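Student: I have a protein structure open on my screen and I would like to learn how to read it. Could you walk me through some of its features?

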Amino acid sequence: MSNAEPLWPNGAPGAKGNEPNDKPTLTTFLPEPAVATGASIVVCPGGGYGGLATDHEGVKVARWLNSIGVAAFMLEYRHAGRGYAHPAPLQDAQRAIRTVRGRAGSLGPDPERIGIMGFSAGGHLASTASTHFDAGTAAAADAIERVSCRPDFSVLVYPVITFTQPFCHVGSRENLIGKNPDPQLQKSLSNELMVTPDTPPTFLVHSQDDTAVPPENSIAYYQACTAAKVPVEMHILQGGWHGWGMCDDGQPHSIWTSLLAMWMKYRGLLTKN
């Protein structure tokens, strides 16, 4: 594990000041060389776009990823609790993917096996990054901005997906785009509507009894991926409610890491370079 590094060394776009809250960070967790596969994941903790659950949805997740040979990069993105709304979180997520890809040679990850993982509102951010991306700006002075921000795969754990359906998590929506958002912006961030054939392969997991962020969010994204012929796998587990992260309490949700590891193995992500 390294210390948290500033995501934007020269200042984030739209920064309101120069305090810690204005400086999103990326913390690197690298697996032991003997087990490293070359795959990597940007991890986006949840928190309703009003905070960040960096322990059980961040650090503990990163350490588990390291145990299966995957490099992890925990993103502490800007959010309403820091005084920021859209597009700041998405800018940070896109920058994180570009950073990992742009520095792949020195850090070790394969630039073509970089995923993004998000929990709850972090899942909304990860799904937004998976449906809103570009190839980079070739003429950019900053070398990191020249590379693509498209993730090669995504992992969405009890994600917020929709901003337009009745099962929307209203708190996340209001923190990100306000109580009376522009309808077009609201639609563009309802990510089940934004899936295309270019959306990366996706793993989804949710609890049936989740009343905070109902599983219909994952179901809607799964259906959109299926319609677009995007490779997708979904698990709706009977119990667990919401926000379990890396908690291992013997409940049905505790199996999700094993299911994810199987999916990653099937996708060739755990095969050493």
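Tutor: Happily; we will go through helix packing, salt bridges, backbone angles and a few single residues. Keep in mind that this is a predicted model.

Student: Let's begin with helices. At what angle do helix 2 and helix 4 pack?

Tutor: To describe a pair of helices, we look at the angle between their axes and how far apart those axes are. Helix 2 covers residues 88–102 and helix 4 covers residues 121–131; they pack at an angle of about 65°, and their axes are 10 Å apart. Angles of 65 to 115 degrees count as roughly perpendicular, so helix 2 and helix 4 are roughly perpendicular to each other. Their crossing is right-handed.

Student: Which residues of helix 2 and helix 4 make the contact?

Tutor: Helix 2 contributes Pro-89, Leu-90, Ala-93 and Ile-97, while helix 4 contributes Leu-125, Thr-128 and Ala-129. Sorted by character, the residues of this contact of helix 2 with helix 4 are six nonpolar, one polar and no charged.

Student: What about charged residues, then? How many salt bridges does a search of the whole structure find?

Tutor: The general idea is that side chains of opposite charge can pair when their charged atoms come close. In this structure, the search finds ten salt bridges. Try Arg-95 with Asp-142: their closest N and O atoms are 2.7 Å apart. Arg-95 sits in helix 2 and Asp-142 in the loop between helix 4 and strand 6, so this pair ties together parts that are 47 residues apart in sequence.

Student: Are Arg-95 and Asp-142 buried or partly exposed?

Tutor: Here we read the relative accessible area, where under 20% means buried and over 50% means exposed, with partly exposed in between. Arg-95 has 4% relative accessibility, so it counts as buried. Asp-142 has a relative accessible area of 31%, so Asp-142 is partly exposed.

Student: Which residues are linked with Arg-95 in a network of salt bridges?

Tutor: The network links Arg-95 with Arg-98, Asp-134, Asp-142 and Glu-145.

Student: Where else can I look for a salt bridge?

Tutor: Find Arg-101, which forms one with Asp-152; the closest N and O atoms are 2.9 Å apart. This pair also links distant parts of the chain, with Arg-101 in helix 2 and Asp-152 in the loop between helix 4 and strand 6, 51 residues apart. Arg-101 is buried, at a relative accessible area of 14%. Another salt bridge joins Arg-82 and Glu-76, whose closest N and O atoms are 4.0 Å apart. Both Arg-82 and Glu-76 are buried.

Student: Now the backbone. Which residues does a cis peptide bond join?

Tutor: Backbone angles are read residue by residue, and omega is the one to check for this feature. A cis peptide bond joins His-86 and Pro-87, with omega at about 10°. You will find Pro-87 in the loop between strand 4 and helix 2.

Student: And phi? What is the phi of Tyr-49?

Tutor: Phi is another backbone angle, and its sign is what to look at here. Tyr-49 has a phi near 60°, a positive value in a residue other than glycine. Tyr-49 lies in the loop between strand 3 (40–44) and helix 1 (55–67), and at 1% relative accessibility it counts as buried. Tyr-158 is not a glycine either, and its phi is positive too, at about 35°. Look for Tyr-158 in the loop between strand 6 (153–157) and helix 5 (170–177); Tyr-158 is buried, with a relative accessible area of 0%.

Student: Which residues is Ser-172 in contact with, leaving aside its neighbours within four places in sequence?

Tutor: Setting sequence neighbours aside lets us look at what the fold brings to a residue. Ser-172 is in contact with Gly-48, Tyr-49, Ala-121, Val-160 and Phe-163, once neighbours within four places are left out. Ser-172 belongs to helix 5 and is buried, with a relative accessible area of 0%.

Student: How far apart are Ala-12 and Arg-78 in sequence and in space?

Tutor: They are 66 residues apart in sequence and 9.7 Å apart in space, C-alpha to C-alpha. Beyond its neighbours within four places, Ala-12 is in contact with Asp-22, Pro-24 and Arg-78. For comparison, take Ala-85 and Asp-152: 67 residues apart in sequence and 26 Å apart in space, again C-alpha to C-alpha.

Methods
Residues are numbered from 1 along each chain as its sequence is written. This is a predicted model: local features need pLDDT of at least 70, side-chain atom pairs count only at pLDDT 80 or more; totals for chains, interfaces and linings use all residues. Side-chain values use heavy atoms; hydrogens and water are left out. Axes are lines fitted to C-alpha atoms, for helices over the stretch in contact, and angles run from 0 to 180 degrees between N-to-C directions. Helices (H or I, at least four residues) and strands (E, at least two) are DSSP runs, numbered from the N terminus. Angles under 35 degrees count as roughly parallel, over 145 as roughly antiparallel, 65 to 115 as roughly perpendicular and the rest as oblique. A crossing is left-handed if the near helix is turned anticlockwise from the far one by less than a right angle, and right-handed if clockwise. Contact means heavy atoms within 4.5 Å. Ala, Val, Leu, Ile, Met, Phe, Trp, Tyr, Cys and Pro count as nonpolar, Asp, Glu, Lys and Arg as charged, and the others, Gly among them, as polar. Buried means under 20% relative accessible area, exposed over 50%, partly exposed in between (1.4 Å probe, protein chains only). A salt bridge is a side-chain nitrogen of Lys or Arg within 4 Å of a carboxyl oxygen of Asp or Glu.
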